[in-house]
Each structure stands twice: as structure tokens, then as C-alpha cells.
Amino acid sequence: MAVWLEAGLWGLLAGSALLFGAAAGWWLPVPPAVVAGVMAFGAGVLVSALAFELVDEAERTGGLLATSLGFVLGACAYVAANELLSRRGARHRKRSGPAQPSEDEAKGSGAAIAIGALLDGIPESVVLGLSVLGGGGVGVPVLAAVFVSNVPEGLSSSAGMKRAGRGAGYVFGVWAGIALACGTAALLGCLLLDGASPATIAVITAVAAGGILAMVADTMIPEAFQRTHVLTGLITTVGFLASFTLQRWG
């Protein structure tokens, strides 16, 4: 199998977790506290993966300065885009409660929420595509981190969309589209950067990692804390340790 196709399939697999979560959020009465707990766990998993799998590797191959600049650039780009979308109704796109606005309350919020979900998923997918370039297969800790974090994201956000009065066609259309976009992003990340210098790959990895960390802090942790409160830090720590252990065993 071509490496770029393999990358695309891994990205699609990770993105499909959003659909699994969406189905659970739409049809199952999952307690909000459980959603928040899994969100906190997923946040810890992502932080561990980007620290030990992404930023560390980027620094080894691209140097501290290039990695630092890319990391900050990725965070700034995410925060700027997220703020723009928040003003258009996507601020609470991961919330399972009544915080999400309906289309009547905020015109264009449906499109903003969909674009926001895409913004959250693309950096992770690009990283998955890059992890395949080395020839040793996909980075398992990164794949696990993305998959685990996508399930509660789809679950919580879809529950919020349902509360806001959005139909099943919109909800599952959004997540199916995001899953396909994740696969495409992973495929393109691998295809376009095949043969690129290690320094270039390191910078792009750092940019993606910065965006992921900003996403965790801006959207996942607030949603988790709303329900789990003082337990958020402990659950996030367990997620971090689980990902770290997987990375060491791998």
C-alpha cells in the first residue's frame, strides 16, 4: 500500500471516532459527568502525546529555536481562528449542555460550529500523516490520543447540537464531513511533505502541536471542568500517564 494512502486511512480511522461519539451523544442518555470525565482523560492523553511524540521529536530534528517558533505560531493561529469563529456562534461547540446557540439565536452559527470542528481536527490529522513518513507505520501513541479525544468531542458536541434544535442530517453530516476531512488532511500531509527536509517536517509538526495544545486549553478543559470540577486535574493526569506509558511500551 502506498504510504500516502495508508496515512489517509489512519486519519479517516481517527476521524471516525467523531462519528462514534456523535451516535452515542444523539441516541444514548450518557450522563454529562461521564462525557466530561472522558473529555478530561482525552485532554491528558493529547497533552502527553504532543509533549513526548511531537514537540520532543521536532526539537531533536529541527532544533529548539525552530520548534519554539513553530509551536507558538501554531497556537497563535489556532487562537486567532477560534476567536473569529467564537464571535459567529461557535464558542461552545464542544458543550453538551444548553450553551450552544440555535440557528434562530445566532444566524450562521451552524456553519461556524462545523468550521470550528474542522479547525479542531486538522492539526491532529496532519500529525498522523507525518508520523507515517518515517516508514515505520503510524505513531501508535498519537493515533490513540487522537482517537480517544475524538470520541468525547463528538459525543459532547452532538448532544449540544441536539439541544440547540439541530437535526440529525446536520449533526451526522458535519461529523461525516469532518472524518473525511481528517483522512484527507493526513493523506495530504504525507503526500506533500514526502521528501521534505527533517527541519521542515519538524517545524510543521511543532505548528500542529501548538494548535493542538491551544485547542485542548480553549475547548476541552473548559468543557470537562464544567462538570467534573476539582476532579478534572486528576482525570487529566491519569490520561497523561496512560499515554506516556503507551509511548514507553511502544
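Angles between helix axes under 35 degrees count as roughly parallel, over 145 as roughly antiparallel, 65 to 115 as roughly perpendicular and the rest as oblique. Keep that scale handy for the exercises below.

This is a predicted model, in which local features need pLDDT of at least 70, side-chain atom pairs count only at pLDDT 80 or more, and totals for chains, interfaces and linings use all residues. Residues are numbered from 1 along each chain as its sequence is written, and side-chain values use heavy atoms, with hydrogens and water left out.

**Exercise 1. Work out how H1 and H6 are oriented to each other.**

Step 1: Locate the helices, which are DSSP runs of H or I with at least four residues, numbered from the N terminus. H1 covers residues 3–27 and H6 covers residues 168–193.

Step 2: Take the angle, which runs from 0 to 180 degrees between N-to-C directions, with axes fitted to C-alpha atoms over the stretch in contact. For H1 and H6 it is about 160 degrees, and the axes are 7 Å apart.

Step 3: H1 and H6 are therefore roughly antiparallel to each other.

Step 4: Sort the contact residues: 23 are nonpolar, five polar and no charged. Here Ala, Val, Leu, Ile, Met, Phe, Trp, Tyr, Cys and Pro count as nonpolar, Asp, Glu, Lys and Arg as charged, and the others, Gly among them, as polar.

**Exercise 2. Decide whether Ala-7 is buried or exposed, and find its contacts.**

Step 1: Ala-7 sits in H1.

Step 2: Buried means under 20% relative accessible area, exposed over 50%, and partly exposed in between (1.4 Å probe, protein chains only). Ala-7 has 0% relative accessibility, so Ala-7 counts as buried.

Step 3: Leaving out residues up to four places away in sequence, Ala-7 touches Gly-129, Val-132, Ala-186, Leu-187 and Cys-190; contact means heavy atoms within 4.5 Å.

Step 4: Val-132 is 125 residues from Ala-7 along the chain, yet their C-alpha atoms are separated by 6.1 Å.

Now try Arg-163 of H5 (residues 140–163): with 59% relative accessibility, Arg-163 counts as exposed.

**Exercise 3. Describe how H3 meets H7, and find the kink in H7.**

Step 1: The axes of H3 (residues 64–90) and H7 come within 6 Å and cross at roughly 45 degrees.

Step 2: H3 and H7 are therefore oblique to each other.

Step 3: Their contact has 13 nonpolar, seven polar and one charged residues.

Step 4: Follow H7 (residues 198–228) to Val-216, the centre of a kink of about 35 degrees. Just after H7, His-229 has a positive phi of about 50 degrees.

Key:
Bend = angle between axes of the 7 residues up to and from the residue. Helix = DSSP H or I, 4+ residues; strand = E, 2+ residues; numbered from the N terminus.
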